[in-house]
Amino acid sequence: MQTQDHRPRVAAERRERMRARLLASAMRLVAEKGPTATSIDDVISAAEVSRGTFYKYFPSPDALVRELAIEIANELIGMAEPVVLSYEDPAERVSSGIRLVARLAIDHPLAATFLVRLGWPDARGPNMLLDFVKRDLTEGIRQGRFTRMPIALALNIVTGAVLGATHCMLEPGCDSDFAEQSAAAALRGLGLDAKSAERIANSLLKSVEILPEGLLTETSKILPPAAAKTTPNGVGRRKLS
């Protein structure tokens, strides 16, 4: 009987661990400095690897940021899609998506800070997230649920609400229901009456599942640099019910 060669599997696991290490280091650096100020030297220093090791995985810092944005986008979609698709109403879909992503700031502040500093939507960033939102906006306009408008304008209303809510919810003094306030404002901007917008935005939000071995889980306990300075060891951070 031949002995199974485990070396390819071990090598693949080692490569994946190194890739995850570089991605996590880059996430923290972009959250601290922004994407344009993050250099290869910064990343290799933070990850404690050589320049040669960096280039085995990514051709440039921009490529690393793009890959990181895609990784986070895929995890967000995997997290939010089952909840969003459980609603038939496009308005409920859009509202739940806004609230889920904004609430990322509570349990995953580093990833949330990364998205805010990246300025999503960004040309290098997670365009699949825009497609994810565009699908429900297009359907809402088709059904007459939303006011007829250019899809680019509808996307700006939603992405602006997401970024604004996420930015606020990273701050200790932000209202605990700011995600709901932002969702209601976005729905009003899309054409819903105020009463319907408030009702949908404040409805019970279904629970989500985070990938057990994803980047969000790996970095969930790491505070972004600004938060780490003001709330050492996580003391004082808000927790929402």
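# Exercises on an all-helix model

The protein has 13 helices and zero strands. The model is predicted.

## Exercise 1: the overall picture

Task: Describe the order of elements, the burial and the contacts of the protein.

Solution.
- Step 1. Start at the N terminus. The elements run α-α-α-α-α-α-α-α-α-α-α-α-α.
- Step 2. Turn to burial. The protein has 241 residues, and 48% of them count as buried.
- Step 3. Take the contacts between residues at least 6 apart in sequence. Of these, 71% join residues at least 24 apart.

## Exercise 2: two packed helices

Task: Describe how helix α5 and helix α10 pack.

Solution.
- Step 1. Locate the helices. Helix α5 covers residues 90-102, and helix α10 covers residues 178-190.
- Step 2. Recall what is needed. Two packed helices are described by the angle between their axes and the distance between the axes.
- Step 3. Give both values. The angle is about 145°, and the axes of α5 and α10 are 9 Å apart.
- Step 4. Add the handedness. The crossing of α5 past α10 is right-handed.
- Step 5. List the residues that meet. From α5 come Ala-91, Val-94, Ser-95, Ile-98, Arg-99 and Ala-102. From α10 come Ala-179, Glu-180, Ala-183, Ala-186, Leu-187 and Leu-190.
- Step 6. Sort them by class. The contact of α5 with α10 has nine nonpolar, one polar and two charged residues.

## Exercise 3: a salt bridge between α5 and α10

Task: Which side chain meets Arg-99 in a salt bridge, and are Arg-99 and its partner buried or exposed?

Solution.
- Step 1. Find the partner. Arg-99 meets Glu-180, with an N to O distance of 3.0 Å.
- Step 2. Place the pair. Arg-99 lies in helix α5 and Glu-180 in helix α10, so the salt bridge ties together parts that are 81 residues apart in sequence.
- Step 3. Check the surroundings. Arg-99 and Glu-180 are both buried.

## Exercise 4: a second partner for α5

Task: Which residue forms a salt bridge with Arg-93?

Solution.
- Step 1. Name the partner. Arg-93 pairs with Asp-136, and their closest N and O atoms are 3.2 Å apart.
- Step 2. Place the pair. Arg-93 is in helix α5 and Asp-136 is in helix α8 (residues 127-143), so parts 43 residues apart in sequence are tied together.
- Step 3. Check burial. Arg-93 and Asp-136 are both buried.

## Exercise 5: from a pair to a network

Task: How many salt bridges does the structure hold, and where do Glu-71 and Arg-19 lie?

Solution.
- Step 1. Give the total. The structure holds 13 salt bridges.
- Step 2. Take one pair. The side chains of Glu-71 and Arg-19 meet at 3.0 Å, N to O.
- Step 3. Place the pair. Glu-71 is in helix α4 (residues 61-84), and Arg-19 is in helix α1 (residues 7-33). These residues are 52 apart and link distant parts of the chain.
- Step 4. Apply the cut-off. Buried means under 20% relative accessible area. Arg-19 has 17% relative accessibility, so Arg-19 counts as buried. Glu-71 has 22%, so Glu-71 counts as partly exposed.
- Step 5. Widen the view. A network of salt bridges links Glu-16, Arg-19, Glu-67 and Glu-71.

## Exercise 6: the disulfide

Task: Which residues does the disulfide join, and why is the disulfide called right-handed?

Solution.
- Step 1. Count. A search of the whole structure finds one disulfide.
- Step 2. Identify the bond. Cys-168 is joined to Cys-174, with an S to S distance of 2.2 Å.
- Step 3. Read the torsion. The torsion about the S-S bond is about 115°, so the disulfide is right-handed.
- Step 4. Check burial. Cys-174 has 8% relative accessibility, so Cys-174 counts as buried.

Key
Residues are numbered from 1 along each chain as its sequence is written. This is a predicted model: local features need pLDDT of at least 70, side-chain atom pairs count only at pLDDT 80 or more; totals for chains, interfaces and linings use all residues. Side-chain values use heavy atoms; hydrogens and water are left out. Axes are lines fitted to C-alpha atoms, for helices over the stretch in contact, and angles run from 0 to 180 degrees between N-to-C directions. Helices (H or I, at least four residues) and strands (E, at least two) are DSSP runs, numbered from the N terminus. A crossing is left-handed if the near helix is turned anticlockwise from the far one by less than a right angle, and right-handed if clockwise. Contact means heavy atoms within 4.5 Å. Ala, Val, Leu, Ile, Met, Phe, Trp, Tyr, Cys and Pro count as nonpolar, Asp, Glu, Lys and Arg as charged, and the others, Gly among them, as polar. A disulfide is a pair of cysteine sulfur atoms within 2.5 Å. Buried means under 20% relative accessible area, exposed over 50%, partly exposed in between (1.4 Å probe, protein chains only). A salt bridge is a side-chain nitrogen of Lys or Arg within 4 Å of a carboxyl oxygen of Asp or Glu.
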